[in-house]
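Please load the model in your viewer, show side chains as sticks, and keep a selection box ready. The stops below each begin with something to select.

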Amino acid sequence: MSQNLRIGVFVCHCGLNIAGTVDVEAITEYAKTLPDVVYAVHNRYTCSDPGQEEIRKAIKENGLNRVVVAACSPRMHEFTFRRTVSEAGLNPYLFEMANIREHCSWCHPSKPEEATQKAKEIVKIAVAKARLLGPLQPIEVPVTNKALVLGGGIAGMNAALDLAEMGFKVYLVEKKESIGGHMAQLDKTFPTLDCSICIEGPKMVDVSRHPNIEIFSFTDIVSVEGFVGNFRVKLKKRPRFVKEENCTGCGECRDVCPIELPNEWDMNMGVRKAISVPFDQAVPLIYSINKDYCIECFKCVDACGAREAIDLSQEPKETEVEVGTIIVATGYDIYQPEEGNVYGYGKYSNVLTSLEFERLILAAGPTNGHVIRASNGKQPKVVALVQCVGSRDVDKYPYCSGFCCMYTLKHAVQLKEHYGRDVEVYVFYIDMRTNFKGYEEFYTRAREMGVNFVRGRVSNVFETPQNNLVIRAEDTLLGEPIELEAEMVVLATAAKACADAGEVSRVLNVTRGMDGFFMESHPKLKPLDTAVDGIFLAGACQGPKDIPYSVSQGSGAAARAATVLSKPTVKIEPIVAVVDPQKCRNTKVKCGICATKCPYSAIHVEPNKPADVVAAKCHGCGVCVAECPVDAIAQMHFTDAQILAQISAALEDNPEGKILGICCNWCSYAGADLAGTSRFEYPTNIRIVRVMCSGRVDRDFVLEAFRRGAGMVLVGACHLPYDCHYIDGNWKMKVRMESLSTMLQKLGLTADRFRVEYVSAAEGVKFAQVVKDMAERLSELGKDKVKAENERLKPYIDRILDRKAK
Amino acid sequence: MVMHLTKRRTSEKLVVERTMYTKRYSLALDDQRCVGCEICRIACPKEAITVEKSSKSEGKKLGKSTVNVDETKCHFCGVCTAICPFGALTLSMNGERWVPVLEKESFPQVVHEVTVDETKCPADCRECEDACLFKLIKVTLDKDSGHVRVQVGTEHCPDCQICEDKCPKGAIVTRKIFSGSVAIDEEKCPEGCHDCVDVCPIPGVLSLSGDGKVRINEKYCVYCGACRVVCPVEGALVLQRFSVHHTPVHSGAWNKALEKLATTAEVTKELRTKSSMKVRETVKKRFS
């Protein structure tokens with residue numbers, strides 16, 4: 001920057017929080033001595049209205065073009081002061097904060113002189129960065145005010161209806177022939193025992209009739225490109241071999257078709273014809289032909305007659321839609337224990353899964369609602385319902401599937417309602433989880449109806465010659481093993497992520513947790529957002545949940561989507577990566593390292609062209625910047641030059657006695673803040689430089705620190721494996737730092753002079769402890785040893801860094 | 001319960017089943033009646049049937065070929081049941097005979113035409129009963145009325161026409177199910193090989209002549225193709241079918257099956273005949 005730098009420094013008392021420990025006047029005077037600082041003043045409460053007004057006045061009256069506020073943590077008030085500064089006409093990114101409260105006055109209460117010295121240096125560090133700051137404009141992208149909802153189950157339909165009612169056009173994409181999801185397969189819903197399709201059917205019809213909703217049924221999602229506000233989605237419609245515009249859903253074709261095939265929608269317990277709908281209330285009510293089974297006798301064509309709806313030569317159809325947001329509502333699958341001998345399922349004919357039982361007891365099911373045994377067609381007199389089959393199991397699915405206790409109670413109640421005294425019902429459970437509105441009362445109802453509950457896991461089930469099932473379990477409340485001969489066993493199997501969740505995850509670039517369900521941005525505060533801006537989650541695809549919870553999430557996701565769609569543009573923070581096309585290595589050799597390392601796939605690399613960062617997708621972690629072998633990418637507001645300037649400033653005086661800390665904004669820096677907030681005292685040696693993600697930490701920073709004579713270097717990061725705010729920046733840092741550490745140790749560095757520590761935002765204690773340990777060790781090593789080692793390292797470091805500079 | 005697809009083979013039959021919660025589909029092949037021909041394999045719309053030549057033992061007659069059904073491919077449509085000239089297949093659901101393609105008229109039933117004018121039968125004549133190779137005819141004499149009753153198990157009758165020939169009084173009228181032609185390419189026919197002769201269900205149709213080559217007498221041939229299945233040399237045995245005697249039908253599945261059993265030309269012929277018959281009927285209706 002060739003312009004004349006005029007830096008203003010504002011030191012805050014924060015009442016006695018800062019002023020009670022450090023000498024704010026001394027700090028202000030010191031600030032005046034720093035090069036390029038033309039104005040320095042101290043203030044009681046800088047964040048208050050008068051305090052902010054003072055800053056605004058000072059900018060105008062003194063022509064300040066950079067502002068440093070020495071006060072609390074930037075995590076507290078950076079946003080506040082950026083606004084203040086922009087109100088005075090200065091670009092908000094020309095502002096920097098010096099953290100002299102959480103990182104200084106609060107954590108060194110018993111050492112006011114050392115704290116004051118530290119505070120001065122913290123201000124020096126901030127001014128060093130401020131000198132190199134440049135103005136940045138937020139990136140504004142236009143928004144297509146349409147949405148895509150992936151999945152037409154109860155959550156997806158609710159999201160679609162809410163968005164449609166708000167006035168946005170919605171594309172509802174469903175991979176099956178009909179919308180409705182698993183809820184349409186159910187007989188009754190707990191705890192009211194409402195008929196499921198009766199309450200869902202009208203909703204399905206509403207969705208089909210709404211002018212703002214376009215249903216793409218029997219359609220798969222092929223690819224998604226773009227970013228928030230501007231997604232381009234390719235869809236592929238599978239051929240039904242029936243023309244949608246001509247089919248009236250009359251069903252005359254079905255009546256004349258000779259081929260019966262197992263109906264997957266009916267859990268293979270019932271049949272459907274080669275030309276049929278999966279169930280009679282399907283929406284859209286359009287028939288489809290299963291070509292694998294069809295023998296092409298064309299009887300259906302005859303029956304259809306003048307409508308001419310059947311077209312056996314139909315091809316898959318590809319379409320492309322443009323939307324502003326995507327809501328993922330792909331739901332769950334049920335675990336079918338077909339492998340091995342899980343309580344005899346698949347081997348013994350009278351062992352069913354819960355969803356199969358649901359289809360049995362349904363009036364429209366294969367037995368017209370009569371619960372009968374497969375072996376002899378008779379009603380069972382003793383029915384055993386086994387909980388947690390596959391759930392809460394370290395060998396299978398360690399999580400709890402959430403709704404099984406309730407639906408088992410529902411089945412028990414239904415059996416008792418159907419058959420009264422004529423059936424004995426036993427429920428084998430570990431815990432009864434009935435924790436929402438009306439659920440505990442439902443549990444009481446089941447008990448009052450005479451359902452027997454045995455608290456104990458079933459160990460074994462084996463079959464008798466009459467096809468009855470002997471169950472062995474422990475009744476833990478009695479402390480005795482028990483044996484029960486049941487005539488039918490129903491297994492409450494786990495809810496698991498959809499089989500194609502992996503494909504959806506890849507297409508949308510949305511991560512999945514260890515349990516296979518999609519990962520939300522933050523489990524507490526952002527349960528419906530994903531790491532990708534503009535893509536939201538709703539319903540069981542995020543984790544097993546019951547119907548009211550899914551409905552709520554559907555509406556919630558619609559609201560989240562509306563925050564993007566309701567505005568004509570969306571602003572993207574400009575702390576993004578930018579490639580210098582002159583320096584980019586990909587123009588000369590095949591590189592693309594940045595693209596492979598980016599957690600958001602935000603970088604496009606084409607052969608022989610410089611890498612291109614899609615600014616709207618960039619989240620500003622800086623991993624690509626650290627990984628680039630030729631330093632061709634820079635991160636705005638956190639450039640290499642700025643950070644190196646901060647490091648030099650930090651190590652200007654007495655570097656051997658200092659610990660240089662580079663901490664990530666979300667976890668370790670916040671942990672350091674917490675140490676201060678909690679008033680944990682620790683030694684004053686440490687000087688912290690803030691980066692957004694530990695993945696940003698370039699090897700050069702560490703090397704430069706040692707070249708400047710640092711006593712110790714600490715890199716602070718979020719915990720592995722999942723805590724990183726930028727998905728896996730911390731993993732990349734780990735790999736990088738480990739190899740660097742090995743190299744430095746070979747060159748003679750004592751191992752614990754360079755440490756990587758994982759500190760969460762909740763671990764103030766840990767941060768304080770780490771600094772204490774490091775300071776102790778540093779004093780143990782002694783200044784001379786440190787100096788000697790640094791001398792030995794210097795030539796090597798010089799060589800590495802100078803080679804880079806070329 | 002899980003849906004089960006099962007296959008059981010005994011010396012007497014092969015049973016393929018699909019067991020669902022309330023429905024048990026069952027296809028049974030009677031190994032006694034099956035001659036190991038190629039008709040069901042050709043007709044099956046899902047190519048679920050295979051026919052394998054038996055292994056040859058030195059000096060012994062070649063046994064009939066084995067028909068196998070893939071239980072994962074069979075959709076229990078009933079085409080094989082309808083087309084088998086020997087009536088060797090039965091399709092049932094929950095134990096009751098049920099052939100969906102016949103019920104929905106998606107496929108025709110081949111007509112095993114054997115009509116006996118019992119009035120022509122002499123009282124002590126058993127010629128047809130003795131002549132029938134498949135033991136399908138039973139002649140009984142009602143002593144009181146002197147009435148001769150001739151019972152024919154038509155569903156298993158391939159219409160070889162031997163009984164019609166042997167009847168001294170011309171009381172039996174039959175019609176071949178398949179009309180066609182079969183010929184041996186003498187140059188290709190390997191000398192001394194008599195595989196086709198061994199498996200032919202109608203003795204006398206194929207015979208080994210003095211020079212070691214096979215000779216054909218087409219009179220009683222039913223064009224089942226059992227010979228073609230076992231012929232070791234491609235093109236040595238040329239078999240063609242021209243038409244099929246079947247119940248009236250209007251079905252795309254039948255057109256495809258006919259194309260595979262006979263030729264495309266035959267299908268065109270049949271369709272043309274059908275349409276001209278339709279025209280004739282329409283004209284009749286209009287002008288009568």
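Select A:Tyr407 first in this predicted model: with a relative accessible area of 9%, A:Tyr407 falls under the 20% limit and is therefore buried. Add A:Phe403, which at 7% relative accessibility also counts as buried, and look at the two rings together. A:Phe403 and A:Tyr407 form an aromatic pair whose centres are 6.0 Å apart and whose planes make an angle of 35°, an arrangement classed as tilted.

Next, keep chain A on display and select A:Tyr399 together with A:Phe517. How are the rings of A:Tyr399 and A:Phe517 set against each other? Their centres lie 5.4 Å apart and their planes meet at 70°, which is over the 60 degrees required, so the pair is edge-to-face. If you colour the chain by sequence position, you can follow how this pair links distant parts of the chain, with the two positions 118 residues apart. A:Tyr399 sits in the loop between β21 (382-389) and α11 (404-419) of chain A, whereas A:Phe517 sits in the loop between α13 (501-508) and β29 (535-537) of chain A. Both ends are buried, A:Tyr399 having a relative accessible area of 14% and A:Phe517 one of 2%. Now extend the selection to A:Tyr335 and A:Tyr397, which ring pairs link with A:Tyr399 and A:Phe517 into a cluster. Over all chains, a search of the whole structure finds 18 aromatic pairs.

Move on to helix α10 of chain A by selecting residues 354-361. How many residues of helix α10 of chain A are buried? The count is eight of the eight, so the helix is largely enclosed by the rest of the structure. The buried residues of α10(A) include A:Leu355, A:Phe357, A:Leu360 and A:Ile361, and charged residues are also listed there, including A:Glu356, A:Glu358 and A:Arg359. To see what covers the buried residues of α10(A), show the surrounding elements of chain A, which include β8 (188-189), β19 (332-334), β20 (351-353), α11 and β27 (488-493).

The next stops are salt bridges, of which a search of the whole structure finds 64 over all chains. Select A:Glu320 and A:Lys234, whose closest N and O atoms are 4.0 Å apart in a salt bridge. This pair too links distant parts of the chain, since A:Glu320 belongs to strand β17 (residues 317-323) and A:Lys234 to strand β12 (residues 230-237) of chain A, 86 residues apart. Both residues are partly exposed, A:Glu320 at 44% relative accessibility and A:Lys234 with a relative accessible area of 32%.

Then select A:Arg753 and A:Glu789, whose side chains meet in a salt bridge at 2.6 Å from N to O. A:Arg753 lies in the loop between α20 (729-746) and β38 (754-758) of chain A and A:Glu789 in helix α22 (residues 783-805) of chain A, so the pair ties together parts that are 36 residues apart in sequence. Are these two partners buried or exposed? A:Arg753 is buried, with a relative accessible area of 0%, and A:Glu789 is buried as well, with a relative accessible area of 4%.

Switch to chain B and select B:Glu266 and B:Lys269, which form a salt bridge with the closest N and O atoms 3.5 Å apart. Both residues lie in helix α9 (residues 264-287) of chain B, three residues apart, or about one turn of the helix.

Finally, select the contact between the chains, to which chain B brings 26 residues and chain A brings 37 residues. The area buried between chain B and chain A is about 2400 Å², and carbon and sulfur atoms give 58% of it. Highlight B:Met1, B:Tyr21 and B:Lys104, which supply 29% of the area that chain B buries against chain A, more than any other three residues. Two salt bridges are counted between chain B and chain A; to view one of them, select A:Glu296 and B:Lys256, with their closest N and O atoms 3.1 Å apart. On the side of chain B that touches chain A, α3 (100-103) and α8 (252-261) of chain B each supply at least two residues, and α8(B) gives the most, with three residues.

Key:
Residues numbered from 1 in each chain as written. Chains lettered and ligands numbered in written order. Predicted model: local features only at pLDDT ≥ 70, side-chain atom pairs only at ≥ 80, totals over all residues. Heavy atoms only, no water. Contact = heavy atoms within 4.5 Å. Buried area = accessible area lost by both parts, 1.4 Å probe. Helix = DSSP H or I, 4+ residues; strand = E, 2+ residues; numbered from the N terminus. Phe/Tyr/Trp six-rings, centres within 6.5 Å; stacked < 30°, edge-to-face > 60°. Buried < 20%, exposed > 50% of the residue type's maximum accessible area, 1.4 Å probe, protein only.
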